[in-house]
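I opened this structure to look up a few things and keep a short record. The entries follow in the order I made them.

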Amino acid sequence: MMTKSLHKNVLAWLTCLLLLMSGCTRDEQESMPPQRVDVTMCSAISAMTLSSDIDNKIISLRLLLFDSTGALIYNKKQMDNSPFRLRIVAGTVRAIMVANEEESWLLDQVTSPEELSLKEFQVNRPTSIPMYSDATYTISPEARTFTSTLTRAVVKVTINMSCNFATYKTTFKPYSIGIHSVAIKGYLTPRPYVFSTTAQTYNQLDPGDIITTATDLRTRDGGLHFYIPEKLISDTKYFSYIMISGYAGTAPDTLIFYTIAIGDCASKMYDTASVPFERLSAADLSLTRNTHITVTVTLKTVSNKAPGVLHVRMVR
């Protein structure tokens, strides 16, 4: 009888001891601070054909980090493209990088990702291009180095024009080369185009842009480069287009015009398939950020009565 009583006491004592140990372990776990990890955040710039110094220039770079609840946990700007090195709590983060920000954006005061969609800018002939990246990463001791790819928030259009006087007996004096029906402003983050009655025109024809010899005419080496805002349209009537105007040599007072539609897939009109304009969609004629459209125009004939024959090649 005494043995059974002793056995029960021992079992009760062991049970209490296990419960006590379990409680201590749980309390210790609850009181443990969250694990922090040393993290390196790098940036890269997406590739672009025929890129120039402006296309890849980074004057400033900002990193904003938001936790899984959307709360801001890090916001810092640096004046170069070196990696960000920081210590943060392990877990899921949303990492947003902004290159070449404008002071008027006041990004040091941003507290949510949604605020970035309101940041706007003007584009014409920039000295640097705004760039943006948005990615989600899971931070852990095993994953601590990340690279975000920046995309340019503009569209680049290069126009090359040539005219062979000797072969086609053509004489043409360019007056203006521009892109019409351009969105009024660019935005840091992608957003649908909203129709505006005050769409911009970017004209560019400075001395030296056109080289003329006794036998031909051509744009300066590398062509004419335009930077325009992204334009994601929902209706084809809002398309943007290049307009070239000039004078025929046989009638120097007669101004003639050439119009060339541009867009992500507008090249369909100028390739071997020759898709009619009315068969292009709004997506075909949209202008998506971080793209480079090269338009090569060869003027074959011209007269004071008609614009003549124009051969166009468009590559995106």
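**Surface and overall make-up.** I started with the accessible surface of the protein chain, which comes to about 17000 Å². Carbon and sulfur atoms hold 56% of that surface. I noted that this is a predicted model. The chain has 316 residues, and 42% of them count as buried. I then looked up the secondary structure and found 4 helices and 19 strands. For contacts with a separation of 6 or more, I read that 68% join residues 24 or more positions apart.

**Strand β8.** Next I went to β8, residues 145–152. Which side chains of β8 are buried? I found Phe146, Ser148, Leu150 and Arg152 buried, pointing to one face. Thr145, Thr147, Thr149 and Thr151 point to the other face and are not buried. I looked for the partners of β8. Strand β1, residues 36–45, pairs with β8 in the parallel sense over 6 bridges. In that neighbourhood I noted Thr40 opposite Thr145. Strand β7, residues 131–139, runs antiparallel to β8, with 2 bridges between them. Met131 has Arg152 of β8 as its bridge partner. The hairpin from β7 to β8 passes through 5 residues.

**Pro83.** I checked a loop residue with a link to this region. Pro83 sits in the loop between β3 (72–78) and β4 (84–89). Its relative accessible area is 31%, so I logged Pro83 as partly exposed. Pro83 and Thr145 are 62 residues apart along the chain, yet their C-alpha atoms are separated by 9.8 Å. Leaving out residues up to four places away in sequence, Pro83 touches Thr40, Met41, Cys42 and Gln78. Thr40 is the residue I had already noted opposite Thr145.

**Aromatic rings.** How many aromatic pairs does a search of the whole structure find? I got 7. I looked at Phe239 and Tyr241: their ring centres are 5.7 Å apart and their planes stand at 50 degrees, so this pair is tilted. Tyr241 has 21% relative accessibility; it therefore counts as partly exposed, with the cut-off for buried being under 20%. I also found one aromatic cluster, made of Tyr193, Phe195 and Tyr238.

**Charges over rings.** I then turned to Lys and Arg. The charged end of Lys231 sits over the ring of Tyr193, 4.8 Å from the ring centre. Tyr193 is also in the cluster with Phe195 and Tyr238. Arg191 lies over the face of Tyr187, 3.9 Å from the centre of that ring.

**Glu230.** Is Glu230 buried or exposed? Its relative accessibility is 12%, so I entered Glu230 as buried. Glu230 lies in the loop between β15 (224–229) and β16 (240–248). The side chain of Glu230 makes a polar contact of 3.0 Å with the side chain of Arg289. Beyond four places in sequence, Glu230 touches Ala153, Val155, Ala183, Pro190, Arg191, Leu287, Thr288 and Arg289. Arg191 is the residue I saw over the face of Tyr187.

**Thr189.** Arg289 came up again here. Among the contacts of Thr189 beyond four places in sequence are Arg289, Leu116, Ser117 and Tyr132. Thr189 lies in the loop between β11 (186–187) and β12 (200–203). With a relative accessible area of 9%, Thr189 counts as buried.

**Thr213.** I placed Thr213 in the loop between β13 (210–212) and β14 (216–219). At 38% relative accessibility, Thr213 is partly exposed. Its side chain joins that of Asp216 through a polar contact of 2.6 Å. Thr213 and Phe165 are 48 residues apart in sequence, and I noted 9.1 Å between their C-alpha atoms.

**Positive phi.** My last check was on backbone angles. Most residues other than glycine have a negative phi. Asn100 has a positive one, near 60 degrees. Asn100 lies in the loop between β5 (91–99) and β6 (120–121). Asn100 is buried, at 6% relative accessibility. Leu106 also has a positive phi, near 50 degrees. Leu106 is in the loop between β5 and β6 as well. I logged Leu106 as partly exposed, with a relative accessible area of 42%.

Key:
Residues numbered from 1 in each chain as written. Predicted model: local features only at pLDDT ≥ 70, side-chain atom pairs only at ≥ 80, totals over all residues. Heavy atoms only, no water. Phe/Tyr/Trp six-rings, centres within 6.5 Å; stacked < 30°, edge-to-face > 60°. Buried < 20%, exposed > 50% of the residue type's maximum accessible area, 1.4 Å probe, protein only. Lys NZ or Arg CZ within 6 Å of the ring centre and 35° of its normal. Polar contact = N/O pair within 3.5 Å; in protein donor to acceptor, adjacent residues only side chain to side chain. Contact = heavy atoms within 4.5 Å. Pairing = 2+ DSSP bridges. Areas by Shrake-Rupley, 256 points an atom, 1.4 Å probe, with all protein chains shown as cover.
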